[in-house]
Amino acid sequence: MEVLGIDIGGSGIKGAPVDVTAGRLTKERLRIPTPQPAKPAAVAETVAEIVGHFAWTGPVGVTFPGVVMDGVVKTAANVHHSWVGVNASELFDGARVINDADAAGLAELAFGEGRGRKGTVLMLTFGTGIGSALFIDGTLVPNTELGHLELHGKDAEHRASDRAREEHDLGWKDWAERVETYLKHVEMLFSPSLFIIGGGVSKKADRFLPHVKIDTPIVPAALQNEAGIIGAALTCAGGPHAPA
């Protein structure tokens with residue numbers, strides 16, 4: 001079964017058809033920069049452009065960088081504030097909409113580093129912000145948004161996201177120190193059995209993960225930056241671990 005997965009991020013919107021039984025893209029993904037300001041109408045146009053690019057008429061799953069409950073957006077930290085209260089599922093013509101990090105986590109549990117893992121597993125995506133997906137024995141606890149934990153008086157993502165690394169012109173080792181501080185805080189709160197690091201930086205894990213010293217095992221996402229697309233499709237298809 002193929003489903004079109006679309007992953008909305010603060011800097012880019014990516015999409016591709018996905019084989020949801022194998023957990024892989026069936027065509028090369030299309031990435032379009034996120035409109036600025038990232039208001040609902042402009043983002044919806046970009047989503048429609050991706051749907052049109054693939055001449056897609058089947059089911060569509062979409063991720064959103066914020067809390068999503070029954071298709072309705074509740075928070076919008078890294079896109080325009082006008083998203084709050086919008087029924088994103090209706091805006092995207094009935095697509096299934098899920099928090100972006102939750103989607104990435106679902107993909108990793110089904111096809112990546114989280115497969116077969118028991119206990120508390122935390123997927124953390126480092127990009128424009130920090131997204132989180134929390135799993136207890138394979139069951140998702142949705143919309144955790146742990147990037148907004150307070151760290152040194154600020155949202156953690158303002159210090160330790162990939163955007164913060166770029167804005168403060170940090171080297172990988174210096175940024176790893178911030179990531180380590182954040183992970184130790186999360187480690188203290190949740191005592192996870194595994195951290196999975198996703199987002200764009202997962203492709204460069206060898207540059208910073210060796211500098212991160214914590215007690216919990218930590219691995220880069222096997223699906224790297226495609227996890228959100230795959231998870232969006234998987235959620236729409238009602239695949240393994242997908243929320244009702």
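## Exercises around Asn99 and helix H3

Leaving aside neighbours within four places in sequence, Asn99 is in contact with Thr63, Phe64, Gly66, Val67, Val68, Ser132, Asn143 and Glu145. Keep in mind that this is a predicted model.

**Exercise 1.** Work out whether Asn99 is buried or exposed, and find which polar contacts the side chain of Asn99 makes.

*Solution.*
- Start with the location: Asn99 sits in strand E8, residues 96-99.
- Next, check the relative accessible area. It is 1% for Asn99, and buried means under 20%, so Asn99 is buried.
- Now look towards H3. At the start of this helix, a side-chain oxygen of Asn99 comes within 3.0 Å of the backbone nitrogen of Ala101.
- The backbone nitrogen of Asp102 is 3.0 Å from a polar atom of the Asn99 side chain.
- Finally, the side chains of Asn99 and Glu145 share a polar contact of 3.2 Å.

**Exercise 2.** Check whether the length of H3 agrees or disagrees with what you'd expect for its twelve residues.

*Solution.*
- H3 covers residues 100-111, and at 1.5 Å a residue it should span 16 Å.
- The C-alpha atoms at its ends are 17 Å apart, so the two values agree.

**Exercise 3.** Find out how many residues of H3 are buried, and what H3 gives to the largest nonpolar core.

*Solution.*
- Twelve of the twelve H3 residues are buried, including Leu106, Leu109 and Phe111.
- The largest nonpolar core has 53 residues, and Val43, Trp83 and Phe92 are among those with the most contacts inside it.
- H3 supplies the largest share of this core, seven residues.

Note on methods:
Residues numbered from 1 in each chain as written. Predicted model: local features only at pLDDT ≥ 70, side-chain atom pairs only at ≥ 80, totals over all residues. Heavy atoms only, no water. Helix = DSSP H or I, 4+ residues; strand = E, 2+ residues; numbered from the N terminus. Expected span 1.5 Å × (residues − 1). Buried < 20%, exposed > 50% of the residue type's maximum accessible area, 1.4 Å probe, protein only. Polar contact = N/O pair within 3.5 Å; in protein donor to acceptor, adjacent residues only side chain to side chain. Core = buried A, V, L, I, M, F, W, Y, C linked by side-chain atoms within 4.5 Å. Contact = heavy atoms within 4.5 Å.
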